[in-house]
Amino acid sequence: MNRSLILGGALSAIMLFLAISSFVWTPYDHTLMDIPNKLQPPNAVHWLGTDHFGRDILSMIMVGARTSLAVALLAVGIGMGLGVPLGLAAAATRGSWLDELIMRGNDLVFAFPSLVIAILITAVFGPGAANAIVAIGIFNIPVFARVARGGSLSLWAREFILAARVAGKTRARISAEHILPNIANLLIVQGTIQFSLGILAEAGLSYVGLGAQPPTPSWGRMLAEAQTMVSLAPHLAIVPGLAIIVTVVGLNLLGDGLRDRFDPRLLEGRS
């Protein structure tokens, strides 16, 4: 029994359920202000309490889950959609100028963290969730390029690849038909890990005001707004902090479980 896979899948499913449910139902309107009932602790009416504007924390967490998961998912999609073809091309032309150009470009992007890239993008286009997606997505491109290239290089010397080359298939066709399916497990595991890192990156960007803008709830901005009221209403920081922790831990456990599932030798080594 793969406990990491089960526990990670359960935690991730809970957060996904909250995010999807927010499209059709939340306990209260997440933008509804109720000043007389502000800063209430968790109670029977507001299960997770209210914030400094009297807004329901549970409703904001649910909509915030939708925001965080959407930003991270789209960012991973950008990174995978652009990084994987680049990695496959680099592996197919190993040692050529194209391989060198792609890998040195990856090194250049790695030199700038997603927060720095977000600041640069924000300086030109302004803050917002879309710019956070672009910033995190750009940072994900070299990650997937390296994984795709590393996984592909060992396959190019395999007999079935040599047979495909003898049959007259082009390198591009071999990459698409034979290489990509055989490294899909690596990409899925890496995608899960980058998804969890995307959650953290989105929270960090929102914390400094570069992510989703009001009135759209964001876990990172909820933490930023709560920092001056921790002693007065600690639940304002505890709840979004726990949401981030549960989501990231769940996705990391899911990634570990998938890695064990795709490579049983790792699971045997741990037992």
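Okay, let's start with a question: which helices each supply at least two residues of the lining of the largest pocket? Keep that in mind while I go round the fold, and remember that this is a predicted model.

So, the overall picture. We've got a chain of 271 residues, and 46% of them are buried. The secondary structure is 10 helices and zero strands, so if you read off the elements from the N terminus you just get α, ten times over. As for dimensions, the C-alpha trace spans about 75 × 50 × 30 Å along its principal axes.

Back to the opening question. The helices are helix 1, residues 3-21, helix 2, residues 57-92, helix 7, and helix 9, residues 235-262. Helix 2 gives the largest share of that lining, with six residues. The pocket itself holds about 320 Å³ of space. There are 18 lining residues, and the ones nearest the centre are Leu-16, Leu-69, Ala-70, Leu-73 and Phe-195. If you sort the lining by type, you get 13 nonpolar residues, four polar and one charged.

Now hang on to Leu-16, since that residue turns up again on the surface. Together with Ile-20, Phe-23, Val-24 and Trp-25, Leu-16 makes a nonpolar surface patch of about 610 Å². Have a look at Val-24 while you're there: you'll find that one in the loop between helix 1 and helix 2. Is Val-24 buried or exposed? Exposed, because its relative accessible area is 76%, and the cut-off for exposed is over 50%.

Okay, on to charges. How many salt bridges does the structure hold? The count is 10, and I'll walk you through a few of them.

Take helix 3 to begin with, residues 97-110. Glu-100 pairs with Arg-104 there, with the closest N and O atoms 2.7 Å apart. Both sit in that helix, four residues apart, so about one turn. As for cover, Glu-100 is partly exposed at 43% relative accessible area, and Arg-104 is partly exposed too, at 42%.

Still on helix 3, look at Asp-107. Its salt-bridge partner is Arg-146, and here the closest N and O atoms come to 2.2 Å. This pair links distant parts of the chain: Arg-146 belongs to helix 5, residues 129-153, Asp-107 to helix 3, and they're 39 residues apart. Arg-146 counts as partly exposed at 36% relative accessibility, and so does Asp-107 at 31%.

Then there's helix 7, which we met at the pocket. Glu-177 and Arg-173 form a salt bridge there, 2.9 Å from N to O. What separates the two along the helix? About one helical turn, because they're four residues apart in helix 7, which runs over residues 171-207. Glu-177 comes out partly exposed at 38% relative accessibility, and Arg-173 is partly exposed with 44%.

Last stop on the charge tour: a network. Asp-51, Arg-55, Arg-221 and Glu-225 are all linked together by salt bridges, so pull those four up on screen if you want to trace the connections.

To wrap up, then: an all-helix chain, with 10 helices and zero strands, a largest pocket whose lining has 13 nonpolar residues, a nonpolar surface patch that includes Leu-16, and 10 salt bridges. That's my bit, over to you.

Methods. Residues are numbered from 1 along each chain as its sequence is written. This is a predicted model: local features need pLDDT of at least 70, side-chain atom pairs count only at pLDDT 80 or more; totals for chains, interfaces and linings use all residues. Side-chain values use heavy atoms; hydrogens and water are left out. A salt bridge is a side-chain nitrogen of Lys or Arg within 4 Å of a carboxyl oxygen of Asp or Glu. Buried means under 20% relative accessible area, exposed over 50%, partly exposed in between (1.4 Å probe, protein chains only). On a 1 Å grid over the protein atoms alone, a cavity is a set of points where a 1.4 Å probe fits but cannot get out, and a pocket is an open set with protein on both sides within 12 Å along at least five of seven lines; lining residues have an atom within 4 Å of a point. Grid points are joined across faces, edges and corners, and a volume is the space filled by probe spheres set on the points. Ala, Val, Leu, Ile, Met, Phe, Trp, Tyr, Cys and Pro count as nonpolar, Asp, Glu, Lys and Arg as charged, and the others, Gly among them, as polar. Patches are made of residues with over 30% relative accessible area and no salt bridge: like charges are joined within 9 Å, nonpolar side chains (Val, Leu, Ile, Met, Phe, Trp, Tyr) within 5 Å. Accessible areas come from the Shrake-Rupley method with a 1.4 Å probe; for residues, only the protein chains shown count as cover.
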